[in-house]
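Biologist: Thanks for sitting down with me. Could you walk me through this protein, one question at a time?

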Amino acid sequence: MREGLLEIFQEAYSQLRPASSLPEIKIEFFAFANINNTIRLRNGRLLVRLSDLLEGAPDAVLRAIAHILLAKMYRQPVDRGHAARYRRYVASREIVRQAHLVRQIRGRKRLRPARGRYYDLDAIFEELNTRFFHGLMARPRMSWSQTRTRRILGHYDPAHNAIIISRIFDHFAVPQYVVEYIVYHEMLHLKHPVKLKGSRRCVHSAEFQAEEKLFPHAARANTFLKTL
Ligand SMILES: [Zn+2]
């Protein structure tokens, strides 16, 4: 849980409802298919779900969304400053781009099978699992991407617990160690979940990068990837 987030909600609550005592508030980040935030009152407890795209948002933005959700919950007018601040953030280029990618991947329920024309992602996963993870990693759904994207080579999708690998790699001209390297990278994401450093998401931690170097053909694979 992001540090200070509960306090932000408690403060927003006290400002909106100074006369009532603070309820218990539970907040979690959730992998919605869109930038979506929900609030519910259940047995006197406030349950808040925020889009995981807001995980790295600045405090001012989180204060804004806390106010907006609570104002809606208790049918109070939404402060225009907060509304504008939230809207501006959600419309910012980086967030729009992320939301677009997330929608592309999570919004799609049907995944392609793991067995492609040349490579079988289930088999590759299991082989890497044995070689690098003592066979201890639970296999998520393995799928080739719908489009032949060069922008996103691989991606772990928590909403569907799926590893999706760009279909450009399911090709005879792509060496097996390259596919393995991409899958290995995504497996490391399963092993090292995204941490928050201050207000920034730290996707590839130092431990992540050190472990990535254990892949014997990392350098060769990177050279190949540059030719794509
Ligand atoms: Zn990565």
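**Salt bridges, zinc and surface charge**

Modeller: Gladly, and please keep in mind that this is a predicted model. Let's begin with a salt bridge, in which the side chains of Glu 126 and Arg 139 meet at 3.0 Å, N to O.

Biologist: How many residues apart in sequence are the parts that Glu 126 and Arg 139 tie together?

Modeller: Glu 126 belongs to helix H5 (residues 121–133). Arg 139 sits in the loop between H5 and strand S4 (141–144), so the pair ties together parts whose separation in sequence is 13 residues.

Biologist: Is Arg 139 buried, partly exposed or exposed?

Modeller: Buried would need a relative accessible area under 20%, and exposed one over 50%. Arg 139 has 40% relative accessibility, so this residue counts as partly exposed. For its partner Glu 126 the relative accessible area is 31%, which is again partly exposed.

Biologist: Which residue meets Glu 180 in a salt bridge?

Modeller: The N to O distance of this bridge is 3.1 Å, and the partner of Glu 180 is Arg 131. The pair links distant parts of the chain, 49 residues apart, with Glu 180 in helix H6 and Arg 131 in helix H5. With a relative accessible area of 38%, the partner is partly exposed, and its name is Arg 131.

Biologist: And Glu 180 itself, is that residue buried or exposed?

Modeller: The cut-off for buried is under 20% relative accessible area. Glu 180 has 8%, so Glu 180 is buried.

Biologist: Which residues are joined with Lys 26 into one network?

Modeller: Start from the salt bridge between Lys 26 and Glu 28, whose closest N and O atoms are 3.6 Å apart. Lys 26 is partly exposed at 37% relative accessibility, and Glu 28 is partly exposed at 26%. Salt bridges that share partners join Lys 26 into one network with Glu 28 and Arg 49.

Biologist: How many salt bridges does a search of the whole structure find?

Modeller: The pairs we have discussed include Glu 126 with Arg 139 and Glu 180 with Arg 131. Searching the whole structure gives a total of nine.

Biologist: Now for the metal: which protein donors does the zinc ion have?

Modeller: The donor residues follow the sequence spacing H-x3-H-x14-H. Their donor atoms lie 2.0 to 2.1 Å from the zinc ion, and they are the NE2 atoms of His 185, His 189 and His 204.

Biologist: Where is His 204 placed, and how far along the chain is His 189?

Modeller: His 189 lies in helix H6 (residues 176–191), and the two are 15 residues apart. His 189 is buried at 15% relative accessible area, whereas His 204 is partly exposed at 36%. The place of His 204 is the loop between strand S8 (200–202) and helix H7 (206–212).

Biologist: Which helix gives the largest share of the positive patch?

Modeller: The patch on the surface is formed by Arg 63, Arg 85, Arg 87 and Arg 88. Arg 87, for one, is exposed at 56% relative accessible area and has its place in helix H3. Three residues of the patch, the largest share, come from helix H3 (residues 80–90).

Biologist: Last one: what share of the residues in the chain is buried?

Modeller: The chain has eight helices and eight strands, and its C-alpha trace spans about 65 × 30 × 30 Å along its principal axes. Of the 228 residues in the chain, the buried ones make up 44%.

Conventions. Residues are numbered from 1 along each chain as its sequence is written. This is a predicted model: local features need pLDDT of at least 70, side-chain atom pairs count only at pLDDT 80 or more; totals for chains, interfaces and linings use all residues. Side-chain values use heavy atoms; hydrogens and water are left out. Patches are made of residues with over 30% relative accessible area and no salt bridge: like charges are joined within 9 Å, nonpolar side chains (Val, Leu, Ile, Met, Phe, Trp, Tyr) within 5 Å. Accessible areas come from the Shrake-Rupley method with a 1.4 Å probe; for residues, only the protein chains shown count as cover. A salt bridge is a side-chain nitrogen of Lys or Arg within 4 Å of a carboxyl oxygen of Asp or Glu. Lys and Arg count as positive and Asp and Glu as negative; His and the chain ends are not counted. The place of a charge is taken as NZ of Lys, CZ of Arg, CG of Asp or CD of Glu. Helices (H or I, at least four residues) and strands (E, at least two) are DSSP runs, numbered from the N terminus. Buried means under 20% relative accessible area, exposed over 50%, partly exposed in between (1.4 Å probe, protein chains only). Donors are N, O and S atoms within 2.8 Å of the metal (3.2 Å for Na, K and Ca); water is not among the atoms, so sites may look incomplete.
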